[in-house]
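Student: Could you walk me through how to read a fold from a model like this one?

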Amino acid sequence: MTERLLDVTVNTRYPYRYSCGTIASEFFAALRDEKKILGRKCPACGRVYIPPRPVCGPCWSPTTEWVEIGPQGVLECFTVVTFTFLDPMTGRTRPVPYGYGMIRLDGSQARFQHFLEESDPGKLRVGLRVEAVFAPERKGSLSDIQHFRIVE
Amino acid sequence: MARRAAIIATGQTRHASRRRDVNIVELIHEAVRACLEDAGMRPADIDGVVIGNMEHFEGVYNADLWAVDGVGSLLKHSMKVTTGGTTGASVAHAGFYHVASGLFDTVLCIGWEKQSDGDTTAGLIFQSDPLFERGNMAGAIGTFALAANEYMQKFGITEEQAALVAVKNRGNACLNPHAHLRKAITVEDVLASRVLARPIKLLDMCPTSDGACAVIVASEQVAKKKSPNRPAWFKALATRHDQPFNADLPMLIGMRTLTEAAREAYAQAGITNPRKEIDVAELYEPCTFAELSWYEALGFCEPGGGGRLVESGATQLGGELPVNPSGGVISTNCIGATAMIRVAEAALQVMGKAGDRQVPGARLALATGFGGSWWSEVTILGAEESP
């Protein structure tokens with residue numbers, strides 16, 4: 001007997017191109033050209049934002065100053081992803097296992113979310129010092145930081 | 001001055017991981033028909049419609065238009081609301097505001113999701129910031145793994161305590177004919193289940209479901225004259241959003257938005273001791289660890305006390321403050337409907353219509369919604385009208 005309940009499958013390639021805007025463009029250019037991580041400082045409360053943005057929400061103050069932060073910091077929480085899933089950034093299954101976590105970069109109160117080089121959960125713990133590893137070929141996006149590695 | 005409003009009817013579909021027997025409009029229609037039948041109403045009795053889901057999950061953006069016939073909204077006032085995981089609660093709140101404004105008397109509110117038509121984790125990643133967060137996040141599972149890691153580290157919460165949430169909620173789901181996963185599990189089952197992203201295991205996490213839920217919000221006049229059910233009166237509602245990035249939050253699972261929304265809702269409802277005064281709660285718990293943390297944010301226990309509270313049995317059916325008698329999100333999760341199911345289940349408790357999962361004599365019920373960048377919505381329904 002033929003199947004009575006049918007599906008229609010759509011596998012559309014549907015590209016997007018997101019404007020970074022002025023602030024994030026400067027941030028990504030500094031990653032690409034100088035291997036520097038820049039935070040954006042609020043003149044009212046002193047908070048250094050990463051991701052950088054033009055205004056501090058709590059103060060409603062325009063941020064005015066770039067501050068170099070990192071490239072080292074402290075791992076505040078982490079996981080190792082072991083389930084497979086479709087990565088909408090590439091249209092392919094993202095390779096697992098991979099570690100990622102939130103890193104409080106030196107010079108910023110914010111906690112930067114990024115990949116970890118280490119994917120053995122037995123070797124990761126909260127409080128580890130980690131540092132950014134830059135990609136050899138950088139294109140002006142977040143992936144210009146390859147991952148963070150444990151500082152011996 | 002806002003008018004009084006009440007939920008007078010609810011409807012839910014059969015929830016399952018994949019409802020191939022219905023398309024999106026048929027799924028929506030199933031909940032609408034059930035809700036109208038519960039109210040003893042026809043589309044002609046409805047003044048306006050609010051509908052919502054997470055559009056990017058299915059990749060369809062005009063379901064509110066396609067569904068006009070299935071919803072009964074032909075040539076009626078209709079609007080769509082999408083706020084992420086909180087969508088269903090936002091839709092119910094929008095229904096309340098329609099009626100409270102005095103401009104509408106009966107508003108049909110619908111939350112739905114046909115998650116099997118798309119890919120949930122890809123959809124959730126697509127919801128996050130394209131420049132800074134999509135590249136490394138792993139949907140709700142990855143985010144809650146980070147959050148649970150931090151929560152365990154800060155308060156000494158254990159995986160065994162978290163597992164008790166799954167055991168409780170999945171047990172409750174066996175009493176709920178609408179629940180998707182209706183099979184009791186043990187702590188050992190949870191601990192032995194596949195690790196998705198440490199410390200989150202398969203049975204710590206909500207499923208993905210196809211389903212829809214509808215409620216009718218009515219004015220005082222309609223609720224008193226036409227409702228076949230005991231009306232579930234809106235006593236309080238509040239919503240709070242946080243800054244946009246995980247990086248901005250002092251603690252992921254600490255949920256300052258839920259603390260603040262609860263504080264406002266308790267003030268509106270005149271609640272000073274939530275654990276004693278609230279009879280039943282339906283919380284949007286995407287994973288086991290979240291329910292423990294939500295206890296704390298809602299003031300059911302002290303910060304860090306969530307694990308001990310679940311161990312005490314206080315949140316079981318028959319306990320001091322039953323939480324998620326429906327089985328919760330861990331048992332049923334059709335995301336655009338999920339937060340509305342919390343509201344509908346809270347309404348059913350107040351109506352005395354919750355069947356085998358009824359909390360005897362429930363008069364005051366709390367529902368929460370969770371979503372987006374750690375957003376919160378709190379709804380409190382009561383058997384008595386506000387003065």
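Tutor: We'll take a sheet, a loop residue, a chain contact and a chain's overall form in turn. Keep in mind that this is a predicted model.

Student: Let's start with the sheet in chain B. What is the order of its strands, and which pairing does it have?

Tutor: The general idea is that strands of a sheet pair through backbone hydrogen bonds, either parallel or antiparallel. In chain B there is an open sheet of 9 strands with mixed pairing, and the order reads 3-2-4-7-1-8-11-10-9. Strand 3 (77-80) and strand 9 (280-282) of chain B are at the edges; each has a single partner strand, so one side of each lacks a neighbour in the sheet. From one strand to the next, the twist averages 25 degrees.

Student: What packs on that sheet?

Tutor: Helix 11 (residues 256-269) of chain B does, touching strand 8 (232-240), strand 10 (364-371) and strand 11 (375-382) of chain B. The direction of helix 11 of chain B makes about 145 degrees with that of strand 8 of chain B.

Student: Now zoom in on strand 2 of chain B. How many bridges join it to strand 4 of chain B?

Tutor: There are 5 bridges between strand 2 and strand 4 (residues 106-114) of chain B, and the two run parallel. On that side, I51(B) stands opposite I110(B). Strand 2 (residues 48-52) of chain B also pairs with strand 3 of chain B, again in the parallel sense, over 4 bridges. There, G48(B) stands opposite H77(B), and V49(B) has S78(B) as its bridge partner.

Student: Is strand 2 of chain B mostly covered or mostly open?

Tutor: Mostly covered, with 5 of its 5 residues buried. To read the two faces, follow which way the residues point: G48(B), V50(B) and G52(B) go one way, V49(B) and I51(B) the other, and all are buried.

Student: What about a loop residue, say D105(B)? Is D105(B) buried or exposed?

Tutor: Here you count neighbours, and the cut-off for buried is 20 or more other C-beta atoms within 10 Å. D105(B) has 21, so it counts as buried. Its place is in the loop between helix 5 (87-100) and strand 4 of chain B.

Student: Which residues is D105(B) in contact with, leaving aside neighbours within four places in sequence?

Tutor: They are D47(B), V99(B), A218(B), S219(B), Q221(B) and V222(B). Take V222(B): it is 117 residues from D105(B) along the chain, yet their C-alpha atoms are separated by 6.9 Å.

Student: On to the contact between the chains. How many residues does each chain give?

Tutor: Chain A gives 32 residues and chain B gives 32 residues. On the side of chain A that touches chain B, strand 6 (72-81), strand 9 (98-105) and strand 10 (111-116) of chain A each supply at least two residues. Strand 6 of chain A gives the most, with 6 residues. By character, that side of chain A divides into 23 nonpolar, 7 polar and 2 charged residues.

Student: And chain A itself? How many helices and strands does chain A have?

Tutor: Chain A has 1 helix and 12 strands, and along the sequence the helix is followed by the strands. For overall form, set the radius of gyration against the globule rule: chain A comes out at 19 Å, well over the 15 Å given for 152 residues, so chain A is more spread out than a compact globule. Its C-alpha atoms fill a box of roughly 70 × 40 × 35 Å along the principal axes. Of the 152 residues of chain A, 37% count as buried.

Notes
Residues numbered from 1 in each chain as written. Chains lettered and ligands numbered in written order. Predicted model: local features only at pLDDT ≥ 70, side-chain atom pairs only at ≥ 80, totals over all residues. Pairing = 2+ DSSP bridges. Axes fitted to C-alpha atoms, helices over the stretch in contact; angles between N-to-C directions. Contact = placed C-beta atoms within 7 Å. Buried ≥ 20, exposed ≤ 12 C-beta atoms within 10 Å, placed from the backbone. Nonpolar A, V, L, I, M, F, W, Y, C, P; charged D, E, K, R; others polar. Rg over C-alpha atoms; globule rule 2.2 N^0.38 Å.
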